[in-house]
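Student: I would like a close look at a single part of this model, namely its salt bridges. Please set them in the context of the chain as a whole.

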Amino acid sequence: GNDYAEYIFKSPICGTIAPGQIVGITADNKITDKWADAIMFSIKSTAPSFVGGDSWASNVGSRPSPKAGPAPTQPQRREDVVTQQPVPGANPPEFEDVVTEPGDTDEEWAEKQATYTAALAAHNIAVQQDVEAMAAFDAALEVERQKVDRIAIAGRVPVNVQGAQPGDYIVP
């Protein structure tokens, strides 16, 4: 960007403004494309470095924060913990597998799966609500964005004028 711009509200009857287009500013500081309504003139910024006056969306509120949080993790089935213990009185020594900590029963595993499925369904609903809230916010923001435009205040701004040379004054 090569200029400093500010967001300025458009007049309700102002049409679409192209980057680099000369625009009028009304007595009540609104952008207009009707020359008879203008008391001064400026240019729509093409690529501003900085943009001031960005309080145009204050009535929309702040961007919603996601509420879904991280997705639940799929449970792992706890397996039996087996260790080898020596068989008493065996010569040469023999060992047998002994369950020292039991794993999940089928009922416990089914309960873990059901809990996970319910948590995942609740999470998916929350994610969808986040998506809908963000879409509603973005739509409201775009409605407000259509009421303003970035108008160059200072700096180098390309202008959509044919036949002019650098340094020429442009009189609307």
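Tutor: The account below begins with the chain, turns to the salt bridges, and ends with the nonpolar groups.

The model is predicted. The chain has 1 helix and 8 strands, and from the N terminus on these elements run β-β-β-β-β-β-β-α-β. The radius of gyration of the chain is 34 Å, well over the 16 Å that the globule rule gives for 172 residues, so the chain is more spread out than a compact globule. The spans of the C-alpha trace along its principal axes are about 110 × 30 × 25 Å. Of the 172 residues, 23% count as buried. The accessible surface of the chain comes to about 11800 Å², and carbon and sulfur atoms account for 55% of that area. Among contacts between residues at least 6 apart in sequence, 64% join residues at least 24 apart.

Against this background, the salt bridges can be taken in turn. The count for the model comes to 8 salt bridges.

One of them pairs Lys34 with Asp33, where the closest N and O atoms are 2.9 Å apart. Lys34 is partly exposed, with a relative accessible area of 35%. Asp33 also falls between the limits of 20% and 50%: because its relative accessibility is 25%, Asp33 counts as partly exposed.

Another salt bridge joins Asp138 to Arg63, with 3.0 Å between the closest N and O atoms. This pair links distant parts of the chain, 75 residues apart: Asp138 belongs to helix 1 (residues 106–145), while Arg63 sits in the loop between strand 5 and strand 6 (81–86). Asp138 has a relative accessible area of 35% and is therefore partly exposed. Arg63, at 45% relative accessibility, likewise counts as partly exposed.

Arg78 and Asp104 form a further salt bridge through their side chains, at 3.5 Å from N to O. Here too the pair links distant parts of the chain, with the two positions 26 residues apart: Arg78 is in the loop between strand 5 and strand 6, and Asp104 is in the loop between strand 7 (95–101) and helix 1. The two partners fall into separate classes of exposure. Arg78 counts as partly exposed at 37% relative accessibility, whereas Asp104, at 9%, counts as buried, because buried means under 20% relative accessible area.

Salt bridges that share partners also join Lys10, Lys44 and Asp149 into one network. Asp149 appears again in the surroundings of Ile8: leaving aside residues up to four places away in sequence, Ile8 touches Ile25, Asn29, Lys30, Ile31, Lys147, Val148, Asp149 and Ile151. Ile8 in turn belongs to the largest nonpolar core, which has 7 residues in all: Ile8, Cys14, Ile17, Val23, Ile25, Ile31 and Ile151. Thus Ile8, a member of this core, is in contact with Asp149, a member of the salt-bridge network.

A nonpolar group on the surface completes the picture. Tyr4, Phe50 and Ile153 form a nonpolar patch there, with about 310 Å² of accessible area together. Phe50 lies in strand 5, which covers residues 48–52. Because its relative accessibility is 59%, Phe50 counts as exposed.

Terms used:
Residues numbered from 1 in each chain as written. Predicted model: local features only at pLDDT ≥ 70, side-chain atom pairs only at ≥ 80, totals over all residues. Heavy atoms only, no water. Patch = residues over 30% accessible without salt bridge, like charges linked within 9 Å, V, L, I, M, F, W, Y side chains within 5 Å. Areas by Shrake-Rupley, 256 points an atom, 1.4 Å probe, with all protein chains shown as cover. Salt bridge = Lys/Arg side-chain N within 4 Å of Asp/Glu carboxyl O. Helix = DSSP H or I, 4+ residues; strand = E, 2+ residues; numbered from the N terminus. Buried < 20%, exposed > 50% of the residue type's maximum accessible area, 1.4 Å probe, protein only. Core = buried A, V, L, I, M, F, W, Y, C linked by side-chain atoms within 4.5 Å. Contact = heavy atoms within 4.5 Å. Rg over C-alpha atoms; globule rule 2.2 N^0.38 Å.
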